[in-house]
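Visitor: I am new to this structure and would like to understand the terms used for it. Please show it to me, and let us examine the reasoning behind each term.

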Amino acid sequence: MAQTFRLPDIGEGLTEAEVVRWLVGVGDRVEVDQPVVEVETDKAVVEIPCPYAGVVLHLGAAEGETISVGEVLVVVGEEGETWPPDEAEAPPVVGTLPSTSQTLPTRTSGGDGRAAGRVKALPVVRRLARELGVDLAEVEGSGPGGRITREDVLAAAETKPAEEPAEAAPLDVEPAREPIAGRRVRMSNLRRVIARNMVRSWREIPHVTTFDEVDATRLLEARRALQRRHGEPIPLDALLVKAVLPVLDEFPDFEAVVDGDDLVYPDTHRIGVAVDTPEGLMVVVVPETGRLPLLDLARRITQLAEGARNRTLDPDQLTGQTFTVSNIGALGGGHGTPIVPPGTTAILSVGRANPKPIARDAKIEIAPMMPLSLSYDHRVIDGGQGRRFIARLIENLEEPALFLV
Amino acid sequence: MRQLLTPSGDLVGEAPFGLDLCVRLYRAMVVARSYDRKCVALQKQGRLATYAPFEGQEAAQIGSAAALEPDDWMVATYRDAAAMWAQGYPMELLVAGRTGDERGGSPPDHVNVLPPSITVGGHMVHAVGLAWAERLQGSSRIAITYFGDGATSEGDFHEALNFAGVYGVGCVFFCQNNGWAISMPRSAQTASETIAQKAIAYGMPGVQVDGNDLFAVYEVTRQAVERARAGEGPTLIEAVTYRLGPHTTSDDPGRYRDAGEVEEWRRRDPLERVRIFLSERGRWDPEWQAEVEEKAAREVERAVELAESLPPPAPGDVFGGMFESPPRHLREQQATLELYRAAGEG
């Protein structure tokens, strides 16, 4: 009889894993404890051994696909058997937590009087439901012990009445057409997260971008002098963040977050700095940014950027920023229209300072002009305020003494 | 460093036991390795919680446990299942303990092995207490305690050795120096050249032994046990060995040590040298090996079956495992749990 092996929790709190490589195929014979698949978790690539002997009838996921704990990994049975079986039999299950006969009641959190503990779903499934705007209390679980699976949530999301566009509902899909011939590559986890965030920002936030440029002569001189004095590299990002902080104090709306009909002003600055990594752009977050002296800030940003490139940062070092600075100068960037990261209101993009002719005192001079692009949420900030913000920022960047004291 | 059997299976001293016992201990090492690999597989199938493998340390554990009397005390850690099993701890309870079942921590009364210590180092003082209590009661039972190189940096190591030294307690301190305290190498653990030399400060003999040499481990442990039983006091043994696998199933050793080091230790496999020794004396051939392995696998399978067929524990059972009569705060917690559950059923 076919035996189903579901993805087990192989590490503390594992919720999902990506199938890297199958070591067996359908029709292959496997022995007990023979490794059948390599999966990648947050921690490492792990070979998973099969608890059953027999012939592989079904593989639960394609290579590159991510599956949740509790979902079917592999089905093993007798030679000649087919899967799914003709009659609905309940195959023995190894690898999931046994469903307890009794669930401890959780204290109701008041309000709607619904017991929060009634819904059985894995954290990833809960997250998916939140993202799709599905109320788990109204979904019937098809998993073991009535557990709600990812499929249940997807099905519920599809049948949900279209009242208002769901938070991160899939973009309107064109009618089915022939798949494009060509190489198909699954996006990495990071790429998928970026994609989700970009879609969310683009749908929710009415963007405005204002452009300007600043003479960076004094800023670059100050940076060189500081590096000479202290004998260590000071990333330009650190000076940019320092220059922005007093402007944010003066215009706190640029850190205010829209929450329903309210604006929430954070207690402290947590400035995010965009870092280009081989796998994609990441924003590292400097907690209590306002309290750090310049040198500490410089070191902190250097450390975090390195951590981002090595993928050694904790999630809380990559989320929760109140404002983002994206210095694309190293890549030769000019003006752009940055997208405001979800959960924030504004982002500043800074390009490379290139020598350009400028008119000053009726004369033409050459100066390193640094392009600035400031995108912000037009629900919160009007154009006039955007101009005032960038004008004050330019004052600071032109005369570093204004923000270094 | 004491050595009797080289990695290539050459005897460089006198064998401490005859061929029959050698065969028995070899079989035991095969069972231990089979158990260890099975547990790693079970963990990856979600059937065990985090598991700490001991592959590579079989000789240190089987060789030392073989030098004990059946009723001597053993106080060991999460990585010492082979030694505990050799001293009579039922294998199914070792497995059950790793599923998180409290009953895995309650061996039968006649087994003088404490459940494995998860806390690093804290258990060494328990071993000293047991050995001292036996002394006070006029018995000749001794205690052995197992710990790793990392545990020698804990304060409890000092307390245990100091007390045992001062009172001349019959306790054998068996350190399996496997080179790594999770990701910290032995060289970063202590400025001492060896761990064995720390014994001098506590006024007891310290001996360093090739921990992958079944013969030498047995021999030095037997001498330490004899000393302890004769009332001559404790001994510190440093068995130099190597953990071939990860610290636990949640660890990726590839991040902190290189493959060459592991390969080098593979060549010093504790089973292989005994296999060569037996083979050269006509007591080993491939058919026999297959039979030994099959028997070992069956014994391990049986233990897993037993552990997995235990009926699930009831929620309140957790209160019963520790005290003869539970203290008040635990009785209160138990009452609260019962009320809570009664409310849920209503």
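Guide: In this predicted model, the axes of H5(A) and helix H7 (residues 383–398) of chain A come within 9 Å and cross at roughly 145°. The crossing of H5(A) over H7(A) is right-handed.

Visitor: Which residues make the contact of H5(A) with H7(A)?

Guide: H5(A) contributes A:Ala243, A:Val244, A:Pro246, A:Val247 and A:Glu250, and H7(A) contributes A:Phe389, A:Arg392, A:Leu393, A:Asn396 and A:Leu397. By class, these residues are 7 nonpolar, 1 polar and 2 charged.

Visitor: Why are H5(A) and H6(A) called oblique to each other?

Guide: The axes of helix H5 (residues 236–250) and helix H6 (residues 294–310), both of chain A, cross at roughly 125° and come within 9 Å. Roughly perpendicular covers 65 to 115 degrees, and roughly antiparallel needs an angle over 145. The crossing of roughly 125° fits neither description, and H5(A) and H6(A) are therefore oblique to each other. H5(A) passes H6(A) in a right-handed crossing.

Visitor: What classes of residue are found in the contact of H5(A) with H6(A)?

Guide: On the H5(A) side are A:Asp237, A:Ala238, A:Val241 and A:Lys242, which meet A:Leu294, A:Leu297, A:Ala298 and A:Ile301 in H6(A). The contact has 6 nonpolar, no polar and 2 charged residues.

Visitor: How do you know whether A:Phe403 is buried or exposed?

Guide: A residue counts as buried if 20 or more other C-beta atoms lie within 10 Å of its own. A:Phe403 has 22 C-beta neighbours inside 10 Å, and therefore counts as buried. A:Phe403 belongs to helix H8 (residues 401–404) of chain A.

Visitor: With which residues is A:Phe403 in contact, leaving aside its neighbours within four places in sequence?

Guide: They are A:Lys242, A:Ala243, A:Pro246 and A:Asn396. In addition, the C-alpha atoms of A:Phe403 and A:Leu239 are 8.9 Å apart in space, although the two are 164 residues apart in sequence.

Visitor: What makes A:Glu288 count as buried or exposed?

Guide: The cut-off for an exposed residue is 12 or fewer other C-beta atoms within 10 Å. A:Glu288 has 12 C-beta neighbours inside 10 Å, and so it counts as exposed. A:Glu288 is placed in the loop between strand E14 (280–286) and H6 of chain A. Its phi is positive, about 50°, although A:Glu288 is not a glycine.

Visitor: How is A:Asp361 classed by the C-beta atoms within 10 Å?

Guide: A:Asp361 has 5 other C-beta atoms within 10 Å, and is therefore exposed. The loop that holds A:Asp361 runs between strand E17 (354–360) and strand E18 (363–377) of chain A. A:Asp361 is not a glycine, yet has a positive phi of about 50°.

Visitor: Let us turn to chain B. Why is H4(B) called oblique to H11(B)?

Guide: The axes of helix H4 (residues 91–98) and helix H11 (residues 286–309) of chain B come within 8 Å and cross at roughly 55°. Roughly parallel needs an angle under 35 degrees, and roughly perpendicular begins at 65. The angle of roughly 55° meets neither condition, which means that H4(B) is oblique to H11(B). The crossing of H4(B) with H11(B) is right-handed.

Visitor: Which residues of H4(B) and H11(B) meet?

Guide: B:Met91, B:Glu92, B:Val95 and B:Ala96 in H4(B) meet B:Ala303, B:Val304, B:Leu306 and B:Ala307 in H11(B). This contact divides into 7 nonpolar residues, no polar residues and 1 charged residue.

Visitor: How many residues are in the largest nonpolar core, and which have the most contacts inside it?

Guide: The largest nonpolar core has 92 residues, and those with the most contacts inside it are B:Ile62, B:Cys171, B:Val172 and B:Ile237. Helix H1 (residues 19–44) of chain B gives the most to this core, with 13 residues. A second, separate core has 50 residues, including A:Leu240, A:Val247, A:Leu248 and A:Leu397.

Visitor: What share of each chain is buried?

Guide: Buried residues make up 29% of the 405 residues in chain A, and 46% of the 346 residues of chain B count as buried.

Notes: Residues are numbered from 1 along each chain as its sequence is written. Chains are lettered from A and ligands numbered from 1 in the order in which they are written. This is a predicted model: local features need pLDDT of at least 70, side-chain atom pairs count only at pLDDT 80 or more; totals for chains, interfaces and linings use all residues. A nonpolar core is a set of buried Ala, Val, Leu, Ile, Met, Phe, Trp, Tyr and Cys residues joined through C-beta atoms within 7 Å. Helices (H or I, at least four residues) and strands (E, at least two) are DSSP runs, numbered from the N terminus. Axes are lines fitted to C-alpha atoms, for helices over the stretch in contact, and angles run from 0 to 180 degrees between N-to-C directions. A crossing is left-handed if the near helix is turned anticlockwise from the far one by less than a right angle, and right-handed if clockwise. Two residues are in contact if their C-beta atoms, placed from the backbone, lie within 7 Å. Ala, Val, Leu, Ile, Met, Phe, Trp, Tyr, Cys and Pro count as nonpolar, Asp, Glu, Lys and Arg as charged, and the others, Gly among them, as polar.
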